[in-house]
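Let's walk through this model together, starting with a pair of helices and then moving on to the core and a single side chain.

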Amino acid sequence: MTTTTKPAAPAAAGPARRPGPAALALRQGRLEITQFLRSRESVVFTLGFPIIMILIFASIFDNEIAPGVSYTQYFITGMIATGLMTVSFQNLGIWIPIERDRGVLKRYRGTPMPKWVWFAGKVVMVVAIGVLEIALLLAVSVALFDLRLPDESGWLTFGWVAVLGVTACTLCGIAISSLARTARSGSAVVTPVALVLQFISGVFFVFTELPPWMQQVAALFPLKWMCQGLRSVFLPDSFGAREAAGGFELGRVALVLALWCVTGLVLCLTTFRWTTKRDG
């Protein structure tokens with residue numbers, strides 16, 4: 001008589017390990033980056049527009065605005081700041097209303113995923129695309145227009161100006177997205193603001209040659225200070241005497257950008273909406 005033995009029961013599996021906060025943010029960021037890259041219009045506008053503007057303006061205007069400083073060098077620093085603003089402020093201000101209007105944000109709010117993960121994904125996307133934008137702009141500027149790269153201290157200044165500037169513009173982009181009532185109105189709300197800021201902040205024109213009232217208005221917003229901080233990185237120290245205050249004022253640049261970070265955060269917390277008004 002033969003005996004049969006029953007196979008041993010499989011060991012009970014333990015509870016699934018939940019990913020940590022960093023893993024959640026990176027996963028959401030990877031999703032946001034993928035969605036961005038799948039939109040040809042966004043890729044061309046965000047990454048291509050600043051490069052196209054550099055190629056056009058630098059090819060037309062090649063005069064010197066100060067000893068040893070060409071208009072091209074001056075303009076490139078402004079376009080780097082503009083590129084960072086486009087990636088953060090303009091991109092978020094246009095795309096968040098689209099997601100809200102399509103009900104994406106409403107559905108996301110109904111999931112068990114923490115709400116901060118969605119915001120973290122946007123930040124990861126902005127940082128990744130911003131780094132790519134800076135690399136492309138610097139590569140074009142160095143290869144075609146002899147832009148002088150900074151030394152170690154210059155890169156340090158570049159780092160904190162870029163971080164504070166992108167943070168302020170990201171928060172302001174999320175905040176201004178609440179002004180758009182529909183998906184189509186996002187571009188109409190954000191694009192004019194971005195263009196006006198570029199014209200009055202010393203991107204297309206030398207800042208000190210603008211009317212005094214225009215300089216005072218521009219000084220209220222982050223882009224002017226981002227441009228000024230980046231000029232201290234890529235232009236000679238002697239050019240500081242040509243600034244409105246007779247110097248690059250890096251301390252004030254840091255203060256204003258930090259204040260805009262706080263202001264942008266307050267605006268986000270008080271104005272951001274997950275649903276459209278028709279959804280309640």
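Helix α2 (residues 40–60) and helix α5 (residues 115–145) have axes that come within 10 Å and cross at roughly 20 degrees; axes here are lines fitted to C-alpha atoms over the stretch in contact, with angles from 0 to 180 degrees between N-to-C directions. That makes α2 roughly parallel to α5, a label for angles under 35 degrees. On the α2 side, the contact (heavy atoms within 4.5 Å) is made by T46, L47, P50, I51, I54, L55 and A58, and on the α5 side the participants include I129, L132, E133, L136 and F145. By type, the residues of this contact divide into 13 nonpolar, two polar and one charged.

A word on the basis: this is a predicted model, where local features need pLDDT of at least 70 and side-chain atom pairs pLDDT 80 or more, while totals for chains, interfaces and linings use all residues. Residues are numbered from 1 along each chain as its sequence is written, and side-chain values use heavy atoms, leaving out hydrogens and water.

Now turn to the largest nonpolar core, which has 78 residues; such a core joins buried Ala, Val, Leu, Ile, Met, Phe, Trp, Tyr and Cys residues through side-chain atoms within 4.5 Å. F75, I80, F158 and F239 touch the most other members. Helix α3 (residues 71–101) gives the largest share, 14 residues. Leaving aside residues up to four places away in sequence, F239 touches I65, A66, V69, Y74, R231 and F248.

Helix α3 also holds N91. Is N91 buried or exposed? At 6% relative accessibility, N91 counts as buried, the cut-off being under 20% relative accessible area with a 1.4 Å probe and protein chains only. Beyond residues up to four places away in sequence, N91 touches F36, T46, T86 and M125; T46 also belongs to the contact of α2 with α5.

Definitions and conventions:
Buried < 20%, exposed > 50% of the residue type's maximum accessible area, 1.4 Å probe, protein only. Helix = DSSP H or I, 4+ residues; strand = E, 2+ residues; numbered from the N terminus. Parallel < 35°, antiparallel > 145°, perpendicular 65-115°, else oblique. Nonpolar A, V, L, I, M, F, W, Y, C, P; charged D, E, K, R; others polar.
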